[in-house]
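Please open the model in your viewer and keep the sequence panel beside it. The tour below proceeds by selections, each followed by an account of what is there.

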Amino acid sequence: MPGLGTSFGRGGAANPHMDLKHSDCVFIMGSNMAECHPVAFRWVVEAKTRPDNPAEVIHVDPRFTRTSALATHYAPIRAGSDIVFLGALIKSVCDRLEPIFEKGEDQLTTRDRFHRDYLVCYTNAATLLTDDFKDTDENGAAGLFSGWDAENRVYDVTKWRYDNGTPTGMVKPARITSDDKGGLPPSKPVPKGTPLSQVVKEEVPPPAKTDASLRDPKCVWQALRRHYTRYTPELVEEVCGCPRETFDRIAEAVWANSGPDRTTAICYAVGWTQHTVGVQIIRAAAILQLLLGNVGRPGGGIVALRGHASIQGSTDIATLYDLHPGYLKTPSALRHNQNLAEYVKDQVVASSFWSNFPAYIVSQLKAWFGEAATKENDFGFDWLPQITGDHSHQQLFVEMMQGAVKGFFALGQNPAVGGQNASLQRKALAKLDWLVVRDLYETETASFWKDSPEVRDGTLRPQDIKTEVFFLPSSGITEADGGLTNTQRLIQYHEKAVDPPGDARSDVWFTVHLGLRLKELYKDSTLPRDRPIQALVWDYIDPHENERWRIKDEPSAHLILKEINGYHWSPGGLKAGMPVASFNELKDDASTACGAWIYSGIYAPTPEEPGGHNFAANRQGDDWVALGWGFSWPANRRVLYNRASADLRGQPWPKEARLARRFGKPGARGYVYWDPGLKKWTGLDVPDFAATKPPDARGKPDGVGLETHDGVSPFIMQADGKGWLYAPVGLKDGPLPTHYEPYESPLTNAVYKQQANPVVVTWQVPGNTYAPVGSPEYPHVCSTYRLTEHHLSGVMSRWVPWLAELMPELFCEISPELAAEVGVGNTEFVRVTTPRGSIRAKALVTRRMRPLTVQGRVIHHVGLPWHWGYKGVSTGDVVNDLVALVGDPNVAIHEAKVFVCRLEKAG
C-alpha cells in the first residue's frame with residue numbers, strides 16, 4: 001500500500017478491472033493472474049482477442065503458468081530480482097525520453113509533446129533536491145543513500161528532502177511510516193485546544209524549487225537517470241537470468257503501447273508484496289507508469305490484485321494496527337501525539353486534499369463516542385490507544401512466544417497454517433491464556449493443542465498447554481447481510497440468502513454483541529481506562545428491522561453502512577441523524593459523524609430516499625465505467641487521478657477522445673475533461689480534481705489545501721499535486737527503488753556492495769534461524785504460491801469434497817534438470833528443507849519450471865502451493881513451516897516469495 005500511496009497519494013488500485021479491455025498492453029508481474037484472479041483476467045483476454053488492435057500481454061515470472069501460456073511475451077526471472085528488471089525498463093524509457101528535451105518547440109511531435117508535458121507538469125521530475133541528497137552510486141557503489149546511520153540501521157530521511165528553502169524542506173505524506181527512528185523530527189508541542197484550522201494553515205510548506213527544462217543536476221529527473229544508469233539489459237541477463245533479447249522485446253512493447261493514443265496497464269499481486277523490498281518493487285512500477293504517461297488514464301494505471309473478496313475492505317476499514325478507517329494514521333506514543341492538535345500537526349498534509357484531515361478525524365471520533373465527544377475533551381482523542389512500535393502479525397507472534405500476549409482472537413484467520421514459520425506460531429499459541437477461534441470449520445488453529453505436528457512429535461504435550469480455546473461457529477457470507485470491497489475499490493452489497501445452521505452467527509453479530517457485553521460489564525466502573533468503552537455509541541440494532549424479518553438482536557448492516565457513510569449529528573445519534581451526501585460535508589466541529597471518510601457517499605440521501613440510499617446495492621451496469629454498479633471509493637470514482645486523462649488545456653488525449661466516441665454517452669468528448677462552457681470538469685467518470693478549477697489556474701503559495709495546486713497537477717492527495725518519481729519522505733529504505741538481494745539468497749549482490757535491504761526487519765529468536773548468503777546446504781530458491789482450486793490456508797476449500805478431489809494433495813514443482821540432479825521421478829516424494837523446518841510433498845516434474853543461469857551459476861527454483869494442513873478432507877504438510885520471520889521495513893510483510901531450501905528425494 002505505501003508503494004502506491006507514496007507514489008500517487010492513495011494505496012488503492014488506480015483502474016477497475018473492466019477497464020483492462022481498453023489496454024493496448026497489459027504487463028503482469030508478481031501475479032499468476034489467470035489462475036489466482038480469473039474473473040479479472042477475463043478482461044485481459046478480451047483485450048488480447050480484440051478483432052481490431054489486439055493488446056499485447058506480457059508475463060514476467062519464475063514459473064511458466066497459465067498466465068504465461070496466454071501471454072504474447074513471457075520472460076523468466078529469478079525470484080527476488082524484480083527491481084533489476086523494472087529498473088532496466090525505467091532506464092530504457094529514460095533513454096528514449098531524454099532526446100525529447102533536446103528538441104526545439106517546433107521539432108516536437110504529438111507524442112513528444114505528450115511525454116514532455118506529462119513528465120514536466122504531472123510528475124515531480126522538475127523538482128529540485130538539496131545538496132544533502134547522495135545516491136547509491138555516490139559512495140563507492142555501496143548501495144546506500146545519504147543519511148545512513150550504520151550503528152542504528154536507520155536513515156535520516158531529511159537528507160532526501162525537496163529544496164524549498166526551509167531547514168527540513170519536508171513534504172509530509174498522508175501515511176508516515178517512521179514512528180521512532182529515521183522519520184520526521186519530533187513535532188513542536190501544540191497547546192491543547194488550538195484551533196485545528198490554525199494548525200493546518202501553519203503546516204503549509206513553501207513550494208519547492210523547480211526546473212522545467214529538467215537540466216539542473218539537482219532535479220528529480222536527473223537524479224532518476226543517474227540512479228538507473230547501471231540497470232542495463234546486460235545486468236538483467238546477469239542478475240535475473242532473463243535473456244537480453246526477451247527483455248528487449250518487452251521494453252519495446254511497453255514503450256510502443258504508451259503515449260497520447262495508447263496505454264499500458266500493470267497488474268501485480270502478492271508476488272511483489274511478499275518481499276523484503278516489496279514496497280520498493282511497487283514503487284518501481286509506479287515510476288515506470290509515470291514516465292510512460294499511463295497513470296490516470298483509461299487502459300492504464302496499476303491494478304493491485306487483492307487475494308480475495310474484501311482484502312481491500314479490510315485495509316480500508318481497518319485491520320492494520322497502524323491505521324484507522326479511511327487511512328487515518330493511528331496515534332503513536334512515539335510521535336508526541338499527546339493531544340488532538342499535535343496529532344493533526346503531525347499527520348496533516350496541509351498543501352493537499354489531506355488539508356481536510358481535521359474534519360475526517362473529528363467526525364470519526366464523533367461517530368465512535370457520540371455525545372461524549374466534545375470540544376472540551378478533544379472529542380475523545382485521549383481515549384484512543386496509541387501504538388508503541390511494531391504491532392504487526394510477525395512481531396505479535398514473537399511477543400506471544402515470549403509470553404507477553406495473553407489472549408488472541410482468530411476471526412477468519414488460520415495462523416497455524418497460514419502464518420510464516422508456522423511451527424513457531426503454533427508453539428506461540430500454546431503460550432496464551434485464552435484463544436478465540438471463529439470459523440466455518442474447526443481449523444488447525446483451533447485444534448493445535450491436540451493434533452498439530454508438534455503434538456505428534458512430542459514437542460508439545462496437550463496436558464502442558466495452558467491455552468483455553470473457545471471455538472465459535474461462524475456463518476458464511478451468504479448467511480448474512482453485508483458488503484464486500486473488491487480489488488478495484490468497488491463495494492458491492494449482498495443480502496442474506498439463507499439462515500446459518502445451528503448456533504452459527506455472523507462476524508457482525510459476534511462483534512456487536514461482544515461490544516454490548518463489554519459496555520454492560522464496565523457501565524459502573526469509575527476507572528478512567530474504562531471510559532472509552534462506556535462512551536462508545538455502539539447502537540447498531542434496529543428493533544423495527546428485526547421485527548420485520550422476525551429475528552431478534554441481529555445488528556443492522558444498513559445502520560453500520562450509514563455510520564460508515566457519515567451523518568449530521570443530532571440528539572438521536574445514528575438512528576436520527578440524516579446522512580451526509582459526501583465527505584465534502586464533513587466538519588471538524590462535531591456537527592458530523594463519519595466512520596470512514598473515503599466511503600462517504602455510499603449511503604447518501606436521494607430525493608426518493610432522504611434517509612439514505614444504499615449505493616453499494618446498485619446494479620445498473622454498462623459496457624465500461626459502470627457508475628451505476630455498486631460504489632467505488634472515493635466518491636464513486638472509477639479511475640483515480642483522472643485529471644491526467646486530459647492535456648494541459650484540459651482537453652482529452654487522442655485515446656480518451658476515441659474511446660469516448662465509441663463507448664461514452666452521446667456528446668462525451670473524453671474520459672474526464674474541462675468544459676469551458678460549463679466552467680467545470682466533466683466526462684464519463686467522477687473527476688478526481690477540484691471541479692471548478694480551470695486548467696490555467698495558478699497555485700496560491702499563501703493558500704491552504706488544493707488552493708496551493710495549479711490547474712495541471714492531477715495528484716490531489718500529494719502535497720505538491722504531482723506523481724512522485726522520487727519519494728522525498730514516506731519510506732524507510734530509500735527515495736528510489738534499489739536492488740537488494742532477498743534476505744536469504746544463494747548469490748551475493750552483483751549490483752551493490754550492500755547485500756540485503758539495509759533496514760530489513762529480522763527476528764533473531766530461537767526457532768527462526770536464517771540461512772547464510774550462498775549457503776551450500778541450501779542451494780535452491782523456493783517460492784510459495786496459490787492455486788485456483790484452493791483458497792488461502794485451505795479452510796474454505798480443503799473441507800469441500802469436490803474441491804479436494806480437483807486438487808487432492810500437496811505437490812512440489814521442479815524442473816526435469818533438478819529432478820535428475822536429485823534422482824527423483826514425477827509423483828515420487830521429495831523432502832524440502834530450510835533452517836526452520838522440513839516438509840514432504842509429491843514431485844511434479846515439469847518444464848514450467850526452468851533452471852536459470854545467473855552470475856555464471858545454474859539456479860534451480862522450487863515451487864510450493866501453501867494450501868494444505870493437517871485437517872479437512874485433503875491433508876498435507878504445512879508449507880509455511882519452511883518460511884522465515886523476516887519483513888519489509890515499511891509494512892513488515894513477510895518474504896514468502898523467495899527463500900532458500902534444499903531439495904532431496906524422500907526416504
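Helix axes here are lines fitted to C-alpha atoms over the stretch in contact, and angles run from 0 to 180 degrees between N-to-C directions; helices (H or I, at least four residues) and strands (E, at least two) are DSSP runs, numbered from the N terminus. This is a predicted model, in which local features need pLDDT of at least 70 and side-chain atom pairs count only at pLDDT 80 or more, while totals for chains, interfaces and linings use all residues. Residues are numbered from 1 along each chain as its sequence is written, and side-chain values use heavy atoms, with hydrogens and water left out.

**First selection: two helices**

Select residues 82-97, which form α5, and residues 278-292, which form α12; these helices pack at an angle of about 20 degrees, with their axes 10 Å apart. They are therefore roughly parallel to each other (angles under 35 degrees count as roughly parallel, over 145 as roughly antiparallel, 65 to 115 as roughly perpendicular and the rest as oblique). Among the residues in contact (heavy atoms within 4.5 Å) are Leu 86, Ile 90 and Val 93 of α5, and Ile 281, Ala 284 and Leu 288 of α12. By class, this contact of α5 with α12 has 14 nonpolar, one polar and one charged residues, where Ala, Val, Leu, Ile, Met, Phe, Trp, Tyr, Cys and Pro count as nonpolar, Asp, Glu, Lys and Arg as charged, and the others, Gly among them, as polar.

**Second selection: another helix pair**

Move next to α16 (residues 393-401) and α18 (residues 422-429), whose axes lie 8 Å apart and which pack at an angle of about 50 degrees. α16 and α18 are therefore oblique to each other. On the α16 side the contact is made by His 393, Phe 397, Met 400 and Met 401, and on the α18 side by Leu 424, Gln 425, Lys 427, Ala 428 and Leu 429. The residues of this contact divide into six nonpolar, two polar and one charged.

**Third selection: two places in the backbone**

Select Trp 633 and Pro 634, between which the peptide bond is cis, with omega near -5 degrees; Pro 634 is found in the loop between β17 (631-632) and α25 (654-663). Then select Ala 590, a residue other than glycine whose phi has a positive value, near 70 degrees. Ala 590 lies in the loop between β15 (567-568) and β16 (592-593).
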